Amino acid sequence: MAGTTERSLEELYRDDAERADSVVFGRKTGVDRRGFLGGAAAMGAVVGGAIPFAANMPGGLIPAALAQPAVAPAAAPKGPQLLKFPGKSEQLVVLGERPLVAETPEHLLDDDTTPTDKFYVRNNGLIPEAAKDPEKWTIKIDGEVNKPLEITLGELKSKFKAQTRRTVLECGGNGRSAFTPTARGNQWTNGGAGCAEWTGVRLGDVLKSAQPKSSAVYTAHYGSDVHLSGDAKRETLSRGARLAKAMDPETMIVWAMNGQPLPNIHGGPVRLVYPGWAGSLSHKWVNRVTLRDKEHDGSGMTEFSYRVPIKPMVPGDKGDPKNMKILESMPVRSVITSPANGTKAAAGTKEVKLRGAAWAGDNTVRQVDVSIDFGATWQRATLGKPKNKFDWQRWTATVKLPSDGYFEIWARATDSKGAMQPHQAGFWNPQGYGGNAMHRIAVLVG
Ligand SMILES: Nc1nc2c(c(=O)[nH]1)N[C@H]1C(S)=C(S)[C@@H](COP(=O)(O)O)O[C@H]1N2
Ligand SMILES: [Mo]
């Protein structure tokens, strides 16, 4: 392999894609590959088949077959660590054990409604014990209100009008692993998201019953989970949002997920759901919502936490907290949910049926396009309608393959405002929010 085998190309591609490129293709990134057929053959050997569209491969691109762990982790000695947790699928991939964080591989997001067992898990602190008497769970509403109140789950159910909505919950760091250089935090691929049916009441209705003062402009959320240190005085997470978002009729206090009582791991008996915005606003085990007269400054609100640059910053820089603003709506994203990355198809297979999902924070999805030739040409997918606001949109497409070989299928969504997913995660920031690089999967035919 070009005479250099100090480590496998697979490792080289993971660690230093540009150097791997020059080893494989014998040239610097950005130079035309057509003259290096020997190189393309070496690359083909690594990904398991000839690459019919090798000439279109962007320089420095880590082949999808290597960029993300393959589907069958059992085969790989150092495959991803899989979750073992009561009620959760054993196919979720553990990103951290303390606190417990696990993501859903994209191909497990293939249901219209994400089943609870497949739904990703993100904790910042210790998971509390399940409540003994859920109906007596109490939430306080205080701060900039004329009538502070305490309300039990039982009263929430009897005094306010319930609604059910299918909405996407997505971690603010979803897509983080696509940043170069690596950004701090859990290295989510695209699986820090799911779309469930949530049942509860409008947070706005409950806040209104406490009679907000005109000075109230922001919320602050508190829950019962304890800080990782075990110190009860230390805050685990306390985020908040502009009052207008809290008052949105789709922002809810929920007690059921997919028609069942909200499981403890997902914040039961009650959590908030702020659809379209960073998942950290959807406070689990919520027991207090305070209205404030300024932007909340709890843990997860300051410095680089859940904040993105105002003016673009140099990737890898330390950054200036004064140049950061709160991350609100999540960016447009699509995932290919079938077939799975690394799928092998029989020789002679001439077409592949694709399924996926796309969503766009506060916006809707205008279109999804797919490519089989590293983005040289694109084909429009058939896009479904959301069930309700903030639902994801399912899509399908059938792509025709010209021959056997190694293909990458790329999917790219465009939102209702015209914003499109980039090839590479853009707007680098120290904690890696808003990384919405296109999803791509490897398919090997023959
Ligand atoms: N009390 C509490 N609420 C929380 C968190 C937490 O650590 N503690 N994590 C937040 C983050 S960062 C996300 S992405 C979502 C994840 O919800 P899930 O575990 O139900 O998927 O919960 C949010 N709510
Ligand atoms: Mo998150």
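**Ligand 1 sits in the largest cavity of this predicted model.** The cavity has a volume of about 260 Å³. Its lining comprises 20 residues. Arg-122, Arg-271, Gly-279, Ser-282 and Lys-284 are the closest of these to the cavity centre. By class, the lining has 8 nonpolar, 8 polar and 4 charged residues.

**The shell around ligand 1 in the predicted model.** Ligand 1 is surrounded by 19 residues. Tyr-120, Asn-124, Asp-225, Arg-271 and Lys-284 are the closest. The shell holds 8 nonpolar, 7 polar and 4 charged residues.

**Polar contacts to oxygen atoms of ligand 1.** Tyr-120 takes part through its backbone: an N or O atom there lies 2.7 Å from a ligand oxygen. Arg-271 uses its side chain, with an N or O atom 2.7 Å from an oxygen of ligand 1. The side chain of Lys-284 also places an N or O atom 2.6 Å from a ligand oxygen. On its own, ligand 1 has 540 Å² of accessible area, and the protein covers 100% of that area.

**The second largest cavity.** A search of the whole structure gives 2 cavities of 30 Å³ or more. The second largest has a volume of about 40 Å³. Its lining consists of Val-168, Leu-169, Glu-170, Gly-276, Trp-277, Met-330, Trp-359 and Gly-361. Strand β6 (residues 162-170) supplies the largest share of this lining, 3 residues. Sorted by class, the lining has 5 nonpolar, 2 polar and 1 charged residues.

Conventions. Residues are numbered from 1 along each chain as its sequence is written. Chains are lettered from A and ligands numbered from 1 in the order in which they are written. This is a predicted model: local features need pLDDT of at least 70, side-chain atom pairs count only at pLDDT 80 or more; totals for chains, interfaces and linings use all residues. Side-chain values use heavy atoms; hydrogens and water are left out. A residue is near a molecule or strand if one of its heavy atoms lies within 4 Å of it. A polar contact is a pair of N or O atoms within 3.5 Å; within protein, one must be able to donate a hydrogen and the other to accept it, and residues adjacent in sequence count only if both atoms are side-chain atoms. Accessible areas come from the Shrake-Rupley method with a 1.4 Å probe; for residues, only the protein chains shown count as cover. On a 1 Å grid over the protein atoms alone, a cavity is a set of points where a 1.4 Å probe fits but cannot get out, and a pocket is an open set with protein on both sides within 12 Å along at least five of seven lines; lining residues have an atom within 4 Å of a point. A molecule sits in a cavity or pocket if more than half of its atoms lie within 2 Å of its grid points. Ala, Val, Leu, Ile, Met, Phe, Trp, Tyr, Cys and Pro count as nonpolar, Asp, Glu, Lys and Arg as charged, and the others, Gly among them, as polar. Grid points are joined across faces, edges and corners, and a volume is the space filled by probe spheres set on the points. Helices (H or I, at least four residues) and strands (E, at least two) are DSSP runs, numbered from the N terminus.
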